[in-house]
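I open this notebook to record what I looked up, one entry at a time. The structure is shown first, and my entries follow.

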Amino acid sequence: MARILTTHVGSLPRPPDVVDQVWAEDKGEDVDRAEYERVIGAAVKQRVQDQVEAGVDFVSDGEMSKIGYATYIRHRLSGFEVGDVPRATPADLDAYPSFRDRLAKAGATAKYLRPICRGPITYEHTEPLEHDLARLNAAIEGQAVAGAFMNAPSPGIIALFQPNEFYGTLDEYLDALAEAMKVEYEGIVGAGILLQIDAPDLAMGRHIMYRDEPDEVFVKAAVRHVEAINQALRDVPADRVRLHLCWGNYEGPHHLDIGVEKIIDSVLHAKPQTILFEAANPRHAHEWVVWKDAKIPDEKVLAPGVLETTSNFIEHPELVAQRIETYARIVGPERVIAGTDCGFGTWSGFGPIDETICWAKLRAMADGAELASQRLF
């Protein structure tokens, strides 16, 4: 019987031993590689099992080996050095400094080493990617899943988090990143796994990288960032790629988030067939009306967030079903997948969602998808 399938954005809570391993690696400490592989491999296998038991159809490795979804690339690409440069905070948090400082004091943000581009970029080390792919393929073997996906950052989000001190212009920097990430993108797809490109630069970039510019400047920049994505995907079939649109996976006012109506044309011009986007949290839940009025190409698949990922509320399955049905009325149920607003573990060892509640939220999504399927098919 036809039904609504489920997925999520990718990152999941890491076990403590995984956190210890990836932070040691990122700090350049001596790491026992055999123990590292054992710990990460076991965690990927367990997280796939956790997802299956929660009713997730398209599963991931939970980003177990990655300290963060964009900064891990310094272990794979040439040209990056760890440095000490100021980190831009989101403009909405700066607008409420007492809340911003409270988050920092509570240790709610990761204090990772920041890579800086200080040399030519190439995809230098393929071994970490090969190991990630082997672990995920081994973990899904024999599991009743519809498919598996693996995350990789967009060229633009790498440029947002990793300052450029080498290339003469942002365009040159984006081109170099696109050509380098092309290797990773094609490697994931070549291994039979769906590629998910995480592209918060298309939305969150407005109140970070372009916080001091008018909307018009950011909208024009988003077009360029999409061009970089498409450049890197020129040899990858669209139906093997998902794109995640995000305004920042953190608790905050988000009152300076750019409206999806201003960027939706650029997003829909991106090559990936499936689009995952925030649709559950209080700042973006209303934007289904924008998607309803948009000219969505017939081949596009929508994966709206039906779970909020910065709150430990467990959504009611009926609410999940209603959210799914809203988008099914826009593009048809065959072109809707139930998803999450963002990941449950954006940074290794950090995140507001309790691990046990994470699985309960995913189960609520699966139950809601079943309710919606009974009504839609």
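What is the sign of phi at Gly332, the residue that follows H11? I note that the model is a predicted one. In it, I find that phi of Gly332 is positive, near 95°.

**Entry: helix H11**

I checked the length of H11, which covers residues 317–331. Its 15 residues should span 21 Å at 1.5 Å a residue, and I find the end C-alpha atoms 21 Å apart, so the two values agree.

I then listed the buried residues of this helix: Val320, Ala321, Arg323, Ile324, Glu325, Thr326, Tyr327, Ala328 and Val331. Next I asked which elements these buried residues pack against. I find three strands, namely E8 (274–277), E9 (301–307) and E10 (337–340), together with helices H10 (288–293) and H12 (355–376).

**Entry: strand E10**

I looked at which way the residues of E10 point. Ile337 and Gly339 point one way, whereas Ala338 and Thr340 point the other way. I record all four as buried.

I then looked for the partners of this strand. E1 (residues 5–6) runs parallel to E10 and is joined to it by two bridges; in one of them, Thr6 is the partner of Ala338. E9 also pairs with E10 in the parallel sense, again over two bridges, and here Leu307 has Thr340 as its bridge partner. Following the chain from E9 through H11 to E10, I find a β-α-β crossover that is right-handed.

**Entry: Thr346**

I located Thr346 in the loop between E10 and H12. Is Thr346 buried or exposed? Its relative accessibility is 15%, and because buried means under 20%, I count Thr346 as buried.

Its side chain forms a polar contact of 2.9 Å with the side chain of Asn249. Leaving aside neighbours within four places in sequence, I find Thr346 in contact with Ser11, Arg14, Ile67, Gly68 and Tyr69, as well as with Asn249.

**Entry: cysteines**

How many disulfides does a search of the whole structure find? I record zero. For Cys342, the nearest cysteine sulfur is that of Cys246, 3.8 Å away, and Cys342 is in no disulfide. The cut-off for a disulfide is a pair of sulfur atoms within 2.5 Å, so a separation of 3.8 Å does not qualify.

I also looked up accessibility. Cys342 counts as buried, at 9% relative accessibility. Cys117 is buried as well, with a relative accessible area of 0%.

Note on methods: Residues numbered from 1 in each chain as written. Predicted model: local features only at pLDDT ≥ 70, side-chain atom pairs only at ≥ 80, totals over all residues. Heavy atoms only, no water. Expected span 1.5 Å × (residues − 1). Buried < 20%, exposed > 50% of the residue type's maximum accessible area, 1.4 Å probe, protein only. Contact = heavy atoms within 4.5 Å. Polar contact = N/O pair within 3.5 Å; in protein donor to acceptor, adjacent residues only side chain to side chain. Pairing = 2+ DSSP bridges. Right-handed = clockwise from strand over helix to strand, strands pointing away.
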